Amino acid sequence: MVFDKAYFDAGVCRVGTQCEKWDGMIAASGDSEMIPMWVADMDFPSAPAIREALSGVLDWGTWGYTISGEADAKALCSFWARRHGLAIEPAQVLMSPCVVTGLRLAVRALTKPGDGVMINPPVYGPFFGSVKGNERTLVESPLRPGEDGRYQLDLADMEGKLASGEAKAVMFCSPHNPCGRAWSREELTALVALCRKYGAPLICDEIHADFVFEGEHHSILSIEGADEIAVMLCAASKTFNVAGLQQSSIVCRNAAMLEAIRAEMDGAGVKAGNAFALAATRAAYTDCDAWLDGLKAYLVGNRDYAMDYIAKNMPRVKVTPLDATYLMWLDCRALGLEQQALLDALAAAHVKVNDGLFFGELGRGFIRLNIGCPRSQLERALAQMKTVLG
Ligand SMILES: Cc1ncc(COP(=O)(O)O)c(C=O)c1O
């Protein structure tokens, strides 16, 4: 099978699949004409090898307790070695249901109640909840757009908050959702150096690792010295559009930290052993490289189309450069609309985007646009957005 533009152009109908992005939106809005450009999953069929793996499990005809272990970790290790040049050993891996589960477990295992955990907003909403929902203190070090519009870390601010003891750990998003940054080796090296200097665990969410469009993804674990302090969270869920199956991994080369997370998992009774999820994830990590390469090429086309269309037709909207992820961060502040008025106007134009405030107060005046869909859907959504933002 060829995973070319025509394959991804065809998309897949998701209505009636208990799909949050479509069915959830239609149920909440009552608008069956609304185009869903929100929740971070894609309107493409998952790779055929995943479907075959799931059919194989379906054919068992009975689904008792399932072994998860060596084969699953090996598939993950081989994928990361092949795609990202990162050497991981199965002994450094724990299986967890979701990446957000991993974020929360790591916070609980590596910090104490009351400790400050630093995040870099605007950032994925559950980062806030993973800290506050675990009786830890949220410490914010905002990202700032540089001259080229790319968001930057404020390392001096981060150091101040670590040095004063206000922050005892860092929760980091790499690549960054929603700012679309693929962090450079230099930036990651500086971050690791800071965390080592102050003995702060670094919890790094790399769920978007496979969507770096130019250059390569630098895993935190590829940075010198990171082994002592870093935990990396990853999944096949975003990459291969299998988030509904709920399977992720926690990778850590510091044995004591890994044990602390394992103990936290045991204490909470968190187990990953869903037969369908494990089979799909093994197939994704083993047999889907051609699908992923085709997808990335398609998304680059979508990104370039959207950038160009917005620049020409919605000049007051500032698009954040998209190094990585299929999630575009749009600054609509120049339109002077209140946040709810902005969202309501887009809804009236039958387009559903993510509210910038989901990513913290710094998202006021912003929206996030999901471009992981067939080009025709993106074209329609942008044309309808133009009626409000043009
Ligand atoms: C940065 C980031 N982490 C985690 C998740 C969610 O992952 P999971 O469904 O495995 O919890 C998302 C989904 O959009 C995300 O963008």
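Here a trainee and a mentor talk through the ligand site, the hollow spaces and some backbone features of a predicted model.

Trainee: Before we start, how are residues numbered, and which pLDDT do local features need?

Mentor: Residues are counted from 1 along each chain as its sequence is written, and side-chain values use heavy atoms, with hydrogens and water left out. As this is a predicted model, totals for chains, interfaces and linings use all residues, side-chain atom pairs count only at pLDDT 80 or more, and local features need pLDDT of at least 70.

Trainee: Thanks! Which histidine has a polar side-chain atom 2.8 Å from an oxygen atom of the ligand?

Mentor: Let's look at the polar contacts (pairs of N or O atoms within 3.5 Å; within protein, one must be able to donate a hydrogen and the other to accept it, and residues adjacent in sequence count only if both atoms are side-chain atoms). Valine 99 uses a polar backbone atom, 2.8 Å from an oxygen atom of the ligand. Aspartate 205 brings a polar side-chain atom to 2.5 Å from a nitrogen atom of the ligand. The side-chain contact at 2.8 Å from a ligand oxygen belongs to histidine 208.

Trainee: How much of the ligand's accessible area does the protein cover?

Mentor: Accessible areas come from the Shrake-Rupley method with a 1.4 Å probe, and for residues only the protein chains shown count as cover. On its own, the ligand has 400 Å² of accessible area, and the part covered by the protein is 88%.

Trainee: How many residues of the shell around the ligand are nonpolar?

Mentor: The ligand's surroundings (residues with a heavy atom within 4 Å) include Ala40, Tyr124, Asn177 and Lys238. In our classes, Ala, Val, Leu, Ile, Met, Phe, Trp, Tyr, Cys and Pro are nonpolar, Asp, Glu, Lys and Arg are charged, and the others, Gly among them, are polar. The shell has 2 charged and 2 polar residues, and the nonpolar ones number 7.

Trainee: What is the volume of the largest pocket?

Mentor: On a 1 Å grid over the protein atoms alone, a pocket is an open set of points with protein on both sides within 12 Å along at least five of seven lines, while a cavity is a set where a 1.4 Å probe fits but cannot get out; lining residues have an atom within 4 Å of a point. The ligand takes up the space of the largest pocket, as a molecule sits in one if more than half of its atoms lie within 2 Å of its grid points. Grid points are joined across faces, edges and corners, and a volume is the space filled by probe spheres set on the points. For this pocket it is about 1,300 Å³.

Trainee: Which helix gives the most to the lining of the largest pocket?

Mentor: Helices (H or I, at least four residues) and strands (E, at least two) are DSSP runs, numbered from the N terminus. Helix 5 (99-110) and helix 3 (48-60) each supply at least two lining residues. The top contributor, with 3 residues, is helix 3.

Trainee: And which helix gives the most to the lining of the largest cavity?

Mentor: That cavity has a volume of about 50 Å³, and its lining includes Asp72, Met95 and Tyr285. Helix 4 (70-84), strand 10 (248-252) and helix 10 (275-287) each supply at least two residues. The one giving the most, with 4 residues, is helix 10.

Trainee: Where is proline 178?

Mentor: The peptide bond leading to proline 178 from asparagine 177 is cis, with omega near 15°. Proline 178 lies in the loop between strand 7 and helix 8.
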